[in-house]
Every structure is written in structure tokens, then in C-alpha cells.
Amino acid sequence: MHPTDVDRTPETPETPEPAETPDARRDHGTPGDRPVPALRARRPRPGLHDTVLLAVLAVVFGFVFWVADQVYGPLLLALGPFGGFADAVLGGAWIVVAPLALFILRRPGAGLLAEVLAAGVELVVFGSPFGPMVLVSGLVQGAGAELAFALTRYRRWGWGTFALSGVTAAAVTYAYQTFANGYLGQDLYLLRFAVLVVSCVLLSGLAARALGLALLRTGVLDNYPVGRAR
Amino acid sequence: MAWNPTVKLGTLLVASGAVLLVTDPVTPVVLWLLATGAALLLGRVPAGTLLRAQLALVAFAGSVFSSNLLLRHDGDVLAVVGPVEVTSGALAVATSFAARTLYLGTVSVLLVVTTDPARLMVSLHQHARVPATTSYAVLAAHRVLELLPAEWEAIRSAQAVRDPRRAAGAPLPRSPRALGTAVFALLVAAVRRAERTAIALESRGLGSGPRTTAHKVPLRAGDVVAAAAVLGVVAGVLLAGWWGGWLSGPAALTA
Amino acid sequence: MSATAERLTVTYPRAGVAALDDVTVRLPDGDALLVVGLSGSGKSTLLAALAGIVGHTVDAEVSGRALVGAVDAVAGGQRAVAAVAGLVLQDPAAQTCLDTVVGEIEHVLENRAVPPAAMPAAVEAALTAAGAGDLAGRATGELSGGQLQRVALAAALAGRPRVLLLDEPTALLDPRAARDVGALVGRLATQGTTAVVVEHRVDDLRPLPARTLVLDGGRIVACGPTAEVLATHGHRLLAAGCWVPTDVLLDAAGAPGRLGDPGTDAWLVELTARRAPSPPPSPDGAALVAAGPRGGDPVLDARRMSVSRTRRPHGRWSRARQVDVVHDVDLRVGRGEVVGVVGVNGCGKSTLLRGLAGLDRTRGTRRTGRTALVVQHPEQQLLCRTVAAEIAYGPRRAGLPDDEVDRRVTAALHRFGLHDLADRSPYRLSGGQQRRLSLACAVVTDVDLLLVDEPTFGLDRAGALDTAGVLRQVSEDGAGVVVVSHDLELLARCADRLLVLRDGRPVAHGRLEAVLGDTETLDAAGLARTDLLDWWCGRPGPRPPLRSLLGALDAAVSAR
């Protein structure tokens with residue numbers, strides 16, 4: 001049936017996978033922020049192993065996002081006219097997967113990709129009140145969360161960086177929402193931003209690191225970059 | 001709908017993005033009505049499903065409406081509710097954003113009901129140059145997702161019975177701690193499974209060279225024509241608003 | 001040579017000793033090799049090294065060579081090996097990656113760039129070779145573990161591998177499915193497929209591969225023709241906790257011949273009479289559970305009890321509906337009694353336990369004392385950061401004073417062999433250790449009724465015997481035990497009565513020996529006896545008491 005197939009020698013996997021490189025480039029977009037050679041040299045080719053983990057994290061958090069969407073409705077009604085604030089209060093929970101993916105994989109682009117995949121799962125599998133634009137939100141949120149790590153050149157993984165990641169995520173996300181959700185020109189514009197920053201620092205940045213450390217303790221991350229780095 | 005899923009996703013993404021900067025009430029309402037019609041007639045979305053989805057969206061839209069109505073001050077005062085003045089400008093923007101929510105949500109329902117995730121991933125690999133490793137990683141993760149609700153339920157009850165003070169038949173605990181431990185156990189199980197799945201996928205030769213596709217998702221001229229038609233209609237609605245003078249952009253927000 | 005390990009040494013990070021220490025094995029084309037050893041012997045590591053997993057996907061320091069065909073797995077990793085080898089792992093659910101059975105096989109063919117026109121025939125051939133021809137057209141989500149394992153085998157075969165690598169393919173299957181898959185693997189391995197099979201349930205592989213390699217502590221103990229190796233090292237494997245074929249077990253116990261020989265029959269009867277059974281003494285003489293005195297009211301009294309579960313008939317998020325899964329069960333369990341519940345997958349065994357534990361809705365009468373439930377997958381019950389905290393959780397929630405909690409935790413840690421692991425994360429324990437932890441957590445609080453779901457799933461023989469001993473002791477200490485299991489020999493070692501379920505209804509309920517002897521009922525319920533139980537049931541005249549027989553055999557094995 002396919003006589004030649006069995007003995008085919010596989011391509012030597014020297015070229016980095018195209019999936020990861022564009023995202024990585026995007027994150028190094030800030031002037032003076034070149035890719036980190038040390039990191040590249042240690043991990044020559046991001047493997048299927050990492051990609052599957054990203055996808056599974058995306059799916060689990062897609063599920064968690066969907067549950068959050070279910071919480072969202074009642075909370076909106078409870079808050080009445082200030083329902084928009086629910087956006088800000090829960091805002092961080094939507095972004096937790098990006099810093100968590102970065103914590104585990106320590107690789108440029110991991111956060112962005114995880115967040116976009118999670119948004120994609122939310123859209124295609126569960127449906128989202130934000131429509132296909134949830135993909136753009138995912139991209140923006142992932143980029144925002146990843147910005148802090150790009151600024152520290154993917155070299156610092158302490159609490160500070162993760163807190164900063166919450167701040168950058170909030171800033172970038174809010175800039176996008178100002179137009180996409182039409183917050184521009186509303187009363188309480190800055191207060192809403194402040195709430196979002198707090199939410200992102202707590203529910204995204206710090207929560208991701210705490211969750212990552214707890215996972216690390218269980219041993220399931222031993223064969224991922226964070227486990228190797230110990 | 002046999003519309004190529006990649007083209008469909010791209011088209012609907014652009015069609016959704018088109019309203020991002022629109023702040024007048026008419027344009028999103030027209031688009032919402034068009035999207036609903038398309039979902040019913042072209043997407044063959046069952047009317048009941050669509051109705052239920054719209055009802056869920058109405059709650060969401062209602063909140064968007066009320067918050068914008070009360071947090072904006074622009075134009076004539078139409079009414080005074082307690083300490084809050086309702087203005088004409090706020091009413092217009094609030095209506096616009098509420099309608100936008102309904103429009104985007106309807107597009108989302110259309111997408112969920114008419115898209116087979118497996119076909120979408122194959123098509124994204126074929127037509128959007130998503131690498132095979134990524135698309136099969138996502139498909140494998142999708143299988144994990146199928147098992148998540150059962151796993152979640154199993155973990156929740158297995159943890160609940162550890163409590164010696166639990167009464168028989170009591171509902172599962174809903175405290176943040178209980179939910180947190182359950183989420184954590186779910187996450188550990190998922191990460192473990194991810195590693196085994198990666199090993200299985202790799203042992204089957206994924207990513208090791210040239211590959212074929214058993215069931216290609218076709219990309220025909222008709223797909224592109226349909227995309228052009230949809231985008232043409234959206235552009236038409238926007239242009240009509242521009243010529244008619246009712247279209248407005250983000251400038252209206254700070255006026 | 002189609003599979004070769006040359007001076008192969010593997011050391012995992014942060015491990016003091018090598019998991020595989022200077023191992024050299026050569027397997028010629030067309031031969032099959034069985035690799036056995038206790039967990040931790042390095043048998044899975046050997047397979048993982050040949051598959052190119054260790055040193056690549058899984059971190060480890062690897063030296064030496066592992067050749068599969070012409071591919072060096074140590075240098076090339078999994079991707080290189082995938083071109084020449086097929087791999088089947090333990091976990092059936094984690095290795096089926098796509099939504100449909102056909103898609104699963106097609107995926108392998110796609111990755112090897114097989115032209116689409118050739119695929120339908122290739123898919124059919126692979127499924128047929130794996131005995132899964134009837135599964136084409138099914139969705140993977142609806143298959144049982146045994147069926148999924150066949151699909152995984154078909155996927156491995158679809159790539160037309162030169163070598164088949166199998167890592168405990170039957171470990172997570174119920175005995176019937178394990179025997180079926182084991183027979184399939186045995187057939188493949190003896191019909192010219194080059195295969196390396198790692199197994200701890202050697203008794204399920206029929207026929208056995210021609211050659212056997214025994215590993216212990218990462219080193220080779222023996223390697224040669226299977227019959228020879230099992231004859232010389234059978235007792236050692238048993239002592240290490242491996243499952244072995246019945247004849248090897250008998251031989252190791254000192255039987256004069258094979259099962260069914262008149263001499264062996266007489267020897268077994270005599271052995272049972274000679275070794276009067278004694279309950280396993282607890283090491284410090286302390287009771288395992290603090291239950292009430294024997295006699296008195298039953299700890300479980302269920303009459304015409306039905307259990308319903310929530311089902312969502314139209315997809316994942318549709319409206320929930322209550323559906324009866326278990327019907328009309330009458331079950332009374334007194335203190336000191338162990339009742340086994342058996343039946344095929346999906347017969348409602350686990351739901352019955354959930355109903356008894358007060359998790360699922362029940363109708364009819366259901367009265368129980370203080371109840372603890374041990375579920376099938378220990379990780380689902382974990383709540384705490386450390387093993388010690390995990391055991392302390394129950395007593396603490398029950399409001400016991402601190403010193404009493406500490407006393408109980410220390411005692412439980414010792415009784416279940418977990419004292420060295422007290423500060424470990426419970427997720428870091430091995431499968432067997434996690435099982436012991438879950439039993440420890442269940443009995444450390446005061447319970448009258450212990451419900452246990454498949455307690456020996458995936459355990460080696462030593463672990464299974466230990467579990468049977470614990471369940472027996474819990475009942476001796478005055479609690480009632482209901483244990484769901486596929487493992488009839490486990491139940492024969494610890495249960496007094498058996499309840500047989502079929503399609504959610506009780507079809508037989510009575511003394512264990514009577515129910516086990518009822519071939520018709522067992523057949524109808526889809527259960528099969530092991531060789532030893534078959535022999536016992538088929539014996540004319542007075543039979544030796546079953547539990548004494550098995551206990552005497554186990555004692556004879558460990559005495560030698």
C-alpha cells in the first residue's frame with residue numbers, strides 16, 4: 001500500500017517551528033529589545049511537548065473562561081448600571097493563562113499563543129458574547145501580559161515581573177477596550193482603569209505565579225522549562 | 001453551511017471588527033438584523049437555539065445599555081432619574097453599544113453552530129499555514145475538553161466525600177476553597193494528560209516530515225465570492241450610514 | 001538486529017541512582033521480547049529509551065546507544081524513532097488524540113505522507129490487525145478502555161513499523177479486556193512482529209513472547225527463552241510483586257506439577273489443610289479503624305434502593321435529567337463483613353457506591369453509619385499540599401483535638417508505609433503509594449462503613465495482596481466494607497459475600513463461594529474466572545475453603 005513510507009528518515013528538525021517565531025518576533029518589537037540568545041541556545045526547537053501543553057492549558061482555561069462567562073451575567077445584573085465594572089473586576093481572570101504559560105514554558109510568544117488559543121476555544125466551542133472579536137481581545141490581552149516579560153528580556157521570573165505583567169496587561173487591554181467596549185468618554189474612566197489594574201495584578205499576574213508554583217510542587221512540570229530551571 | 005471554515009472565520013472577524021469604531025445606533029441595529037437573518041436562512045441555525053442565545057445576549061446588552069446611559073453626559077437632558085440625568089447623546093451611544101453586543105453575539109452563535117472544530121483546524125492548517133503540530137495539538141486538546149465536564153464532576157464529588165462532616169445527599173460545596181482545590185486537581189490531571197498525549201502524537205510521526213491530508217477541506221471560488229458578498233453588505237451598510245449622515249465614529253464619545 | 005540497547009545507562013534528574021544501569025540487550029528481527037520487573041526496576045525506562053522519549057521529551061541523562069532499526073533513539077529522539085517503530089502506552093484515553101477511530105488511524109498515515117487514495121484500505125488493514133475492525137465508524141469518546149487500547153494498537157500498526165514498542169498495554173484495563181488485549185499482543189508477538197513488551201501482568205499475555213528479560217534495580221537479572229527464565233526466576237518475580245502465570249505461581253509455591261494434575265490437586269488440598277488461615281496481624285496490635293463493636297445494627301441497610309444520575313441527553317450543556325442507573329438493590333452489611341460488588345463496565349457498580357456514599361440521589365431505604373468512600377482514581381480526592389496534611393484533613397474536619405490528630409496521622413503513616421513521604425506532595429507519589437494514601441485517608445477517621453472502588457486497579461501483585469489484607473483488617477476491626485472490583489481473585493481473598501450487577505440490577509447475591517461457583521450467572525454478567533478459580537469451581541467433591549486456599553498459596557510463595 002505504501003512501501004516507501006516506513007523507511008523514510010525524518011527531516012532533521014533544525015529549523016524552528018514557524019508557529020512560534022512570528023509571535024516571538026512580535027514581542028520583541030519594542031526598540032532595543034533583541035531576542036535573548038541564551039534562551040534560544042538552551043532550547044533550540046520548541047517541541048510538540050510544549051505545544052500540546054499550551055493547547056491543553058488553553059482548553060482548560062477556555063473551560064474556566066466559559067464558567068467565568070456564566071458568573072458574569074448574574075454579576076452584571078447585580079451591579080445594575082455599574083455592570084460595566086464587572087468587566088474590570090473579573091478582567092484579570094481572563095488573562096491568567098498567558099503569564100501561566102510563560103511561567104511554565106519561559107519562551108517568547110508562549111503567553112500570546114496560549115491566550116489566543118484560549119480565546120479561540122471560548123469562541124468556537126462555547127460561544128462568546130464578544131463574538132469573533134474575542135480573538136482580537138485574546139491577542140491584545142496576551143500581548144499585554146507578555147510585555148512585562150519582554151521588557152525584562154525573559155530573564156526575570158520573580159513576583160515583581162508577574163505583578164508588572166498584570167499592570168502591562170491591564171494597560172494594553174484597557175487601551176483596546178477604550179475603543180472596542182466604548183469606555184472612552186464615560187464617567188469613572190480612570191476609576192475603572194484602577195480596578196482593572198488591581199484585578200490584573202491579583203487575578204492574572206500573581207495568581208498565575210502562585211498557581212505555577214503549586215503545579216511545580218506536584219511534579220507535573222518536571223519535564224518543562226520551569227522544572228528544568230530548578 | 002459548506003463555506004470554507006477559514007474563510008468564514010476571517011470574513012466574520014472582519015465583519016465584526018467593522019463595528020469597532022461605530023457609535024451610532026442605526027448601523028449596528030441594521031447589522032444585527034442582517035446577521036440574525038443570515039444565521040436563520042443561510043446558516044440554518046435552528047430558530048429555538050437562536051432565540052435562546054438572543055435572550056442570553058439581551059441581559060448582557062441590557063447591562064451595556066444601562067451603564068452607558070448613566071455614565072455619559074452629552075446633548076439634551078431627556079429625563080432625570082434620581083440623581084442621574086439621561087441625555088440624548090448617551091441614549092444614542094448606549095443603544096449603539098447594546099446593539100453591537102447583540103450583533104457580535106449573533107455572529108458568534110452563527111460561528112459555533114455552523115463550525116466543526118476538527119474541520120476548522122484542518123482548514124487552518126491547509127489554508128492559513130497553521131503548522132500541523134499546532135493544529136493537531138489543538139485537536140488533541142479538544143478531546144481533553146470533551147472529558148473535562150465528567151472529570152470536573154468526578155473530582156468535585158470525590159473531594160466532597162473526604163469531609164467527615166458532610167451529610168449524605170448534601171449539595172457539593174461551593175466555597176472558593178473547595179472550587180479552587182477542584183480547579184487545581186483538574187489542572188494537574190490535564191497537564192499529566194498533555195504530556196502523555198504529546199508522546200503519543202509524536203510517536204505517530206506528527207511533525208516528522210512531509211504529510212498528506214486524508215480529507216481535504218475544499219477552497220473554491222464560491223467561498224471567496226461569499227466572503228466578498230458578506231463584506232460587501234457590511235461595507236454597504238457603513239457607506240449608507242456615511243451618505244445618509246447617521247454614521248458616527250469614536251469622536252462622538254468625547255464630544 | 002532490529003532493537004538493540006548497548007551499554008545503556010539512564011539517570012533521571014535529582015535521582016541518586018541510575019534508573020537503567022549499563023544494560024545491553026539485542027533483539028533479532030521477528031523476535032519478541034517480554035520485559036518484566038517490579039515497578040522501579042527500569043523496565044519502562046528501557047522502553048522509553050528505545051522510543052526516544054527519555055533524554056528528549058522526558059529529561060534524563062542518557063549514555064550508550066538504543067538502536068531501533070537503523071535509528072539511534074538516544075541521538076534522534078522520538079521523532080526519529082517514529083519512522084521505524086510503533087508505540088502503545090498504558091493510558092488508553094491519553095493516547096487517542098482525535099475524535100473518531102478512523103481519524104485516529106488516518107492521522108498516522110497522513111504523517112507518513114500516504115496518498116489519500118490508499119488510506120481506506122490501510123485503515124481497514126490496521127484496524128483488522130488490531131482486532132478493532134468493528135470499531136471503524138465509532139467516535140473515540142464513546143469507547144471503553146479495552147476498545148481504545150485496540151485503536152491505539154491499530155494506530156501503532158498503521159505505520160507499518162519494523163518494531164512495536166508496548167509499555168504495559170493492559171495495566172489500566174479490567175481483567176476481561178486485559179486478557180483480550182493481552183491475547184492480541186501475545187499473538188502479534190509470536191507471529192513475526194518484532195516487539196518489545198513491558199508488562200507486569202504477565203498472566204494476561206497469551207501466548208507469551210519467546211524471550212524474556214528480567215530487570216531489577218536497573219540491571220539485567222536474566223535474559224533468555226521465556227519458559228526457562230520464568231522457571232528459574234518465577235519465585236523471584238513473585239517476591240518482587242509481579243503477576244505471573246498460574247503455573248509459575250504454583251511452581252514457586254512448591255507444587256509438584258501443573259494445575260489439573262492429580263498430584264497438584266492433592267498437594268493444594270493438603271497445603272490448605274496444613275496452613276490454617278490466620279488474619280493478618282496488625283504490626284503494633286492496634287486497630288486500623290475505630291469502629292463500634294461487632295453485632296448490633298447493620299452499618300448499611302439498603303432496601304429496594306435505586307440510584308439515579310444526572311444525564312444531559314442533548315449534548316454537553318443541555319437540560320439535566322435524572323435517570324435511574326441502579327435499580328432495586330437490597331443490601332445489608334454488618335460489622336466485620338466484606339461485600340464484593342462485581343459486573344462488567346457500565347453495569348452501575350460505581351454508581352451504586354456513589355448512591356451509598358450519599359453523592360447521587362437514591363430512592364427506597366438507605367441507612368448507613370459513618371461512611372468513607374475511596375474512589376477509583378486517588379488523585380481526584382487529593383486536597384492538601386503534603387501527604388501528612390492529606391491524612392490529617394479528615395480527623396481535623398471531624399473536630400478531633402490536635403494531639404489525637406497527630407497520633408492518628410503518625411500511626412497511619414506507619415501502617416501504610418508512607419512515613420518517609422510525609423512531607424512530599426501527594427501528587428508526587430507513585431500509583432501504588434497514592435492508593436495506600438487514599439486508603440489511609442479513608443480509615444483514619446472513625447468509620448462504620450468503608451466503600452472502595454477498584455482498589456487494585458493498576459497495582460502489582462504485592463500491592464493487590466496488601467490491599468486485600470487492609471480491607472480484611474478494616475472489617476476485622478469492626479467496620480463493614482463494600483468493595484467494587486473486577487478482580488475476582490482479590491475478592492476471593494477478602495470478601496464474604498458477592499453482589500453481581502448486570503445493567504444496573506442485582507442478578508445474584510450470596511456467599512462468595514456460591515456465587516463464584518455459579519458459572520451461568522457469571523457468564524451472563526460478563527465475568528470470567530481466573531485459572532485458579534476455575535480449577536477450584538470445577539473440582540468434584542469437597543473443596544477446600546477458597547480464602548484459605550489462596551492464603552495458603554500466598555504464604556507458601558512468600559515462605560520460599
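## Exercises on a predicted three-chain model

Of the contacts in chain C that link residues at least 6 apart in sequence, 67% join residues at least 24 apart. The model is predicted, and the exercises below work through its chains, an interface and individual residues.

**Exercise 1.** Determine whether chain C is as compact as a globular protein of its length.

*Solution.* Begin with the secondary structure, which in chain C comes to 19 helices and 19 strands. Next, compare the radius of gyration, 24 Å, with the 24 Å that the globule rule gives for 560 residues; the two values are close, so chain C is as compact as a globular protein of that length. As a further description, the C-alpha atoms of chain C fill a box of roughly 70 × 60 × 55 Å along the principal axes. Buried residues then account for 59% of the 560 residues, while the accessible surface is about 21,200 Å², with 49% of it belonging to carbon and sulfur atoms.

**Exercise 2.** Describe how the charged side chains of chain C are balanced and placed.

*Solution.* Count each sign separately, which gives 62 positive and 65 negative side chains in chain C. Then locate the centre of each set, and the two centres turn out to lie 4 Å apart.

**Exercise 3.** Place Thr4(C) in its strand and find its contacts beyond its neighbours in sequence.

*Solution.* Thr4(C) belongs to strand β1, which covers residues 3-11 of chain C. Its relative accessible area is 5%, and because buried means under 20%, Thr4(C) counts as buried. When neighbours within four places in sequence are left aside, Thr4(C) is in contact with Val25(C), Arg26(C) and Leu50(C), and also with Arg65(C), Ala66(C) and Leu67(C).

**Exercise 4.** Characterise the fold of chain A from its elements, its burial and its contacts.

*Solution.* Chain A has ten helices and zero strands, so that, read from the N terminus, its elements run α-α-α-α-α-α-α-α-α-α. Of the 230 residues in chain A, 62% are buried. Among contacts between residues at least 6 apart in sequence, 70% join residues at least 24 apart. The accessible surface of chain A is about 8,400 Å², and carbon and sulfur atoms hold 68% of it.

**Exercise 5.** What is the sign of phi at Arg106(A) and Tyr154(A), and where do these residues lie?

*Solution.* Start from the background expectation: most residues other than glycine have a negative phi. Arg106(A), although not a glycine, has a positive phi of about 50 degrees, and Tyr154(A), likewise not a glycine, has a positive phi of about 50 degrees. Arg106(A) lies in the loop between α5 (97-105) and α6 (110-126), whereas Tyr154(A) lies in the loop between α7 (133-151) and α8 (159-180). With a relative accessible area of 16%, Arg106(A) is buried, and Tyr154(A) is buried with 2%.

**Exercise 6.** Describe the interface between chain B and chain A, then turn to Leu145(B).

*Solution.* In terms of contacts, 61 residues of chain B meet 61 residues of chain A. The area buried between the two chains is about 5,100 Å², and 77% of it comes from carbon and sulfur atoms. On the side of chain B, Phe60(B), Leu71(B) and Leu187(B) lose the most area to chain A, together 13% of what that side buries. Leu145(B) sits in helix α6 (residues 132-160) of chain B and, at 1% relative accessibility, is buried. Finally, the C-alpha atoms of Leu145(B) and Ala190(B) are separated by 9.3 Å, although the two residues are 45 residues apart along the chain.

Technical notes: Residues numbered from 1 in each chain as written. Chains lettered and ligands numbered in written order. Predicted model: local features only at pLDDT ≥ 70, side-chain atom pairs only at ≥ 80, totals over all residues. Heavy atoms only, no water. Helix = DSSP H or I, 4+ residues; strand = E, 2+ residues; numbered from the N terminus. Rg over C-alpha atoms; globule rule 2.2 N^0.38 Å. Buried < 20%, exposed > 50% of the residue type's maximum accessible area, 1.4 Å probe, protein only. Contact = heavy atoms within 4.5 Å. Areas by Shrake-Rupley, 256 points an atom, 1.4 Å probe, with all protein chains shown as cover. Buried area = accessible area lost by both parts, 1.4 Å probe.
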